[in-house]
Amino acid sequence: YASAMYLINQNSTAKHMEMATKASAVARECGSSELLARALFEYARAGVESGNETMIRASRGEIRERLMCDGDKTPSIAHHADAYCSYFLLDIADACQAANRAVLSLANRGDCGDMSLALTGLGNCEMALCHLKEARSAYREALSYSRKMGDQCRSSIVTSNLAATYLMSGDIEKAIEYGEESLTVGKRSPTQPGLLRTWSNLAFA
C-alpha cells in the first residue's frame, strides 16, 4: 500500500510516510526479511520525498544491522534499498557498490521488475560518478527489461535518464531522441512521477 501511495502522486507525501511507517512495523512483526527490506525501502523513499534525512538514515541503519548479516540469503531488495539510501545521502561510492550487489544477486532469477529497478539504480550511481559509458550500459539493460514487461512508466524514466547522460556529454541529438521517447511513453502511462525531469532535459537540450 505504501508503494501505491507513492505512485498515486497526488500530494500524498504525508500519507506515503504514514503507510511506510506502518508497513515497516508490520514487516518487523512478520519476521520476513524480504518483506522488511521492501518496507524499509518504502520508508526511505518516503524520507526522500519529504526531505526527512533522519528517515533515510534510519532505514539504511536497520537494513545494514538486521538484513546484511544473512550473507547469500540477504534479499536483493535490501541491497537496492541500501544503495538508494546511500545515493540520497551522497555516499555515492557506497551506493554504487550496493547497487552492483543488487544486480548480481538478481542474476538468473528472471524477475524483470526488480532487475529493471536495480539496473536503473546502478545507472544512477554510475552517472553520479560521471561514468557515463557504464551508466548508459546499465540504463539500456534496464530499458530492455521494462519494455519486456510493458512497463511504460519505468521505460519513460529510464529513457529520460539516458537522455540526461547524453546531455551531460554534449550529444544533443541523442539527448533529444531519448527525451522525446521518454515523453511519448510517459504520457501513455497512468502515472509517471518523473515526467517533469523529462521536460527539463528537453528544455536544456
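This tour moves through a predicted model, going from helix packing to salt bridges and then to a few single residues.

**The α7 and α8 pair**

Begin by selecting helix α7, residues 112-128, together with helix α8, residues 132-149, whose axes lie 8 Å apart and pack at an angle of about 160 degrees. Angles over 145 degrees count as roughly antiparallel, and α7 and α8 are therefore roughly antiparallel to each other. If you look at how the two helices pass one another, the crossing of α7 and α8 is left-handed.

Now show the side chains where the two helices meet. On the α7 side the residues include Cys112, Met115, Ser116, Leu119, Leu122 and Met127, and on the α8 side they include Leu132, Ala135, Ala138, Tyr139, Ala142, Tyr145 and Met149. Sorted by class, this contact of α7 with α8 has 12 nonpolar, six polar and four charged residues.

Keep α7 on display and centre the view on Ser116, which lies in that helix. Is Ser116 buried or exposed? With a relative accessible area of 1%, Ser116 is buried. Setting aside neighbours within four places in sequence, the residues in contact with Ser116 are Ala142, Tyr145, Ser146, Met149 and Arg154.

**From α8 to α9**

Next, add helix α9, residues 152-169, and keep α8 selected: these two helices pack with their axes 9 Å apart, at an angle of about 160 degrees. That angle makes α8 roughly antiparallel to α9, and α8 passes α9 in a left-handed crossing.

To see this contact in detail, display Leu132, Ala135, Tyr139, Ala142, Leu143 and Ser146 among the residues of α8, which meet a set in α9 including Arg154, Val158, Leu162, Thr165, Tyr166 and Met168. The residues of the contact of α8 with α9 divide into nine nonpolar, six polar and four charged.

**Salt bridges between elements**

Turn now to the charged side chains, for which a search of the whole structure finds 10 salt bridges. Side chains of opposite charge can pair when their charged atoms come close.

Select Arg60 and Asp91, whose side chains meet in a salt bridge with an N to O distance of 2.8 Å. Arg60 lies in helix α4 (residues 53-67) and Asp91 in the loop between α5 (76-88) and α6 (92-106), so the pair ties together parts that are 31 residues apart in sequence. Arg60 is buried, with a relative accessible area of 10%, whereas Asp91 is partly exposed, at 28%.

Then select Arg101 and Asp82, which form a salt bridge in which the closest N and O atoms are 3.6 Å apart. Because Arg101 lies in helix α6 and Asp82 in helix α5, this pair ties together parts that are 19 residues apart in sequence. Arg101 is partly exposed, with a relative accessible area of 35%, while Asp82 is buried, at 3%.

**A pair within α10**

For a salt bridge inside one helix, go to Glu177 and Lys174, whose side chains meet at 4.0 Å, N to O. Both residues lie in helix α10, residues 172-188, three residues apart, or about one turn of the helix. Glu177 counts as partly exposed at 41% relative accessibility, and Lys174 likewise counts as partly exposed, at 30%.

**The network at Asp114**

Return to α7 and select Asp114, which lies in this helix, then add Glu34 and Arg38, since these three residues are linked in a network of salt bridges. At 18% relative accessibility, Asp114 counts as buried. Not counting residues up to four places away in sequence, Asp114 touches Arg38 and Leu106. If you also label Ser76, you can compare the two separations: Asp114 and Ser76 are 38 residues apart in sequence, and their C-alpha atoms are 8.4 Å apart in space.

**Last stop: Ser59**

Finally, move back to helix α4 and select Ser59, which lies in it. Which residues is Ser59 in contact with, leaving aside its neighbours within four places in sequence? They are Leu40, Phe41, Tyr43, Ala44 and Cys85. Ser59 is buried, with a relative accessible area of 0%.

Conventions. Residues are numbered from 1 along each chain as its sequence is written. This is a predicted model: local features need pLDDT of at least 70, side-chain atom pairs count only at pLDDT 80 or more; totals for chains, interfaces and linings use all residues. Side-chain values use heavy atoms; hydrogens and water are left out. Axes are lines fitted to C-alpha atoms, for helices over the stretch in contact, and angles run from 0 to 180 degrees between N-to-C directions. Helices (H or I, at least four residues) and strands (E, at least two) are DSSP runs, numbered from the N terminus. Angles under 35 degrees count as roughly parallel, over 145 as roughly antiparallel, 65 to 115 as roughly perpendicular and the rest as oblique. A crossing is left-handed if the near helix is turned anticlockwise from the far one by less than a right angle, and right-handed if clockwise. Contact means heavy atoms within 4.5 Å. Ala, Val, Leu, Ile, Met, Phe, Trp, Tyr, Cys and Pro count as nonpolar, Asp, Glu, Lys and Arg as charged, and the others, Gly among them, as polar. Buried means under 20% relative accessible area, exposed over 50%, partly exposed in between (1.4 Å probe, protein chains only).
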